[in-house]
Amino acid sequence: MPASGSRRGPTKGDQRERALLDAAQIVLRQKPLAQVTIDELAAAAGIARSGFYFYFESKQALLAALCESTLGKSEEELAEWVEADDIDRDALRRGLTRALARWRVDGRWLCEAFVNPFPGPEILQVRERVTANGCTAVNRRIERDIRAGVTVVGDPTLLSLMVVKLRLVMFAHAFTNPEEQTDDALLDSLADATLRLLYGTLPAGAESAAPTPSTASA
């Protein structure tokens, strides 16, 4: 008999719900939610169609739960930069690199969840929480900069939202237009744009390592 107060393992119900989420993540990498059926999701998870409805009321509810599983990931990806004592462009770029790698794999359903203007109420509620968490992390960085005497251009709350939204929009664009630019070009430009947005200019020592495009006339 397990000791009193011991942590229980996952139940069969927990495992089936996890299987549905894992299956949805794989299926939704291939095609949009509108083209996926309940039967397809249930079969991919190895459960009956009726079992699907025991855990989720709809495909939208399943996608909302999948979004919920991303809570904290953006903050983890940028934690090094958020907690850095100086501007640390390199730490920012490393965090953006980790985030872009996730978008390269799961960009199809991430676009549906975080960029689609009309995702449905269930997904929208989760999206707002995920966005708020990201804004809180960036705002913490901005407030610390202000206390340290670093000049920040604008309202911290609004700037935090702009930083989070800029990242989402650019990663979504990169996923839907994979041949348009290299990852290095995107990451350098996004890191520099984020710093300019917050500080009005690139602070000394934070210049991009990317080569400057030629300004010669065509």
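**Note on salt bridges, cavities and confidence in a predicted model**

1. The side chains of Glu80 and Arg94 meet in a salt bridge, with 2.5 Å from N to O. Because Glu80 belongs to helix H5 and Arg94 to helix H6, the pair ties together parts that lie 14 residues apart in sequence. Glu80 counts as partly exposed, since its relative accessibility is 36%. Arg94, at 37%, likewise counts as partly exposed. The model in which this pair is found is a predicted one.

2. A second pair joins Asp192 to Arg89, and here the closest N and O atoms of the salt bridge are 2.7 Å apart. This pair links distant parts of the chain: Asp192 is in helix H9 (residues 183–199) and Arg89 in helix H6, with their positions 103 residues apart. Both Asp192 and Arg89 are buried. The pair also belongs to a wider arrangement, in which salt bridges that share partners join Arg89, Arg93, Asp184, Asp188 and Asp192 into one network.

3. A third pair lies within one helix. Asp22 forms a salt bridge with Arg18, and the closest N and O atoms are 3.0 Å apart. Both residues are in helix H1 (residues 12–27), where they are four residues apart, or about one turn of the helix. At 35% relative accessibility Asp22 counts as partly exposed, and Arg18 counts as partly exposed at 37%. Over the structure, the count of salt bridges comes to 15.

4. As to internal space, the structure holds four cavities of 30 Å³ or more. The largest cavity contains about 160 Å³ of space. It is lined by 16 residues, of which Ser74, Arg102, Val130, Arg167 and Leu168 are the closest to its centre. Helices H5 (73–82), H6 (89–114), H7 (121–147) and H8 (156–176) each supply at least two residues of this lining. H6 gives the largest share, five residues. By class, the lining of the largest cavity divides into eight nonpolar, four polar and four charged residues.

5. Arg102, one of the residues closest to the centre of the largest cavity, has its place in helix H6. Is Arg102 buried or exposed? Its relative accessibility is 16%, and the cut-off for buried is under 20%, so Arg102 counts as buried. Leaving aside neighbours within four places in sequence, Arg102 is in contact with Thr70, Lys73, Ser74, Glu77, Gly107 and Leu110. Among these contacts, Ser74 is itself listed with the residues closest to the centre of the largest cavity.

6. The second largest cavity holds about 40 Å³ of space. Which residues line the second largest cavity? They are Leu78, Trp81, Leu92, Leu96, Val163, Arg167 and Thr194. Helices H5, H6 and H8 each supply at least two residues of this lining. In terms of class, the lining of the second largest cavity has five nonpolar residues, one polar and one charged. Arg167 is in this lining and is also named among the residues closest to the centre of the largest cavity.

7. Glu40 offers a separate point of inspection. Glu40 lies in helix H2 (residues 38–45) and, at 26% relative accessibility, counts as partly exposed. Its contacts, leaving aside neighbours within four places in sequence, are with Val27, Lys31 and Gln35. The C-alpha atoms of Glu40 and Ala24 are separated by 9.2 Å, and these residues are 16 apart along the chain.

8. Confidence should be considered alongside the points above. The protein chain averages a pLDDT of 87, and 87% of the residues score at least 70. Over residues 1–7, however, the pLDDT is below 50, and this stretch has zero contacts in the model beyond near neighbours in sequence. The pLDDT also stays under 50 over residues 209–218, for which the model has two contacts beyond four places in sequence. Where pLDDT is low, the predicted coordinates should not be read in detail.

Technical notes: Residues numbered from 1 in each chain as written. Predicted model: local features only at pLDDT ≥ 70, side-chain atom pairs only at ≥ 80, totals over all residues. Heavy atoms only, no water. 1 Å grid on protein atoms, 1.4 Å probe; cavity = no way out; pocket = protein on both sides within 12 Å on 5 of 7 lines; lining within 4 Å. Points joined across faces, edges and corners; volume = space filled by probe spheres on them. Nonpolar A, V, L, I, M, F, W, Y, C, P; charged D, E, K, R; others polar. pLDDT = per-residue confidence, 0-100. Contact = heavy atoms within 4.5 Å. Buried < 20%, exposed > 50% of the residue type's maximum accessible area, 1.4 Å probe, protein only. Salt bridge = Lys/Arg side-chain N within 4 Å of Asp/Glu carboxyl O.
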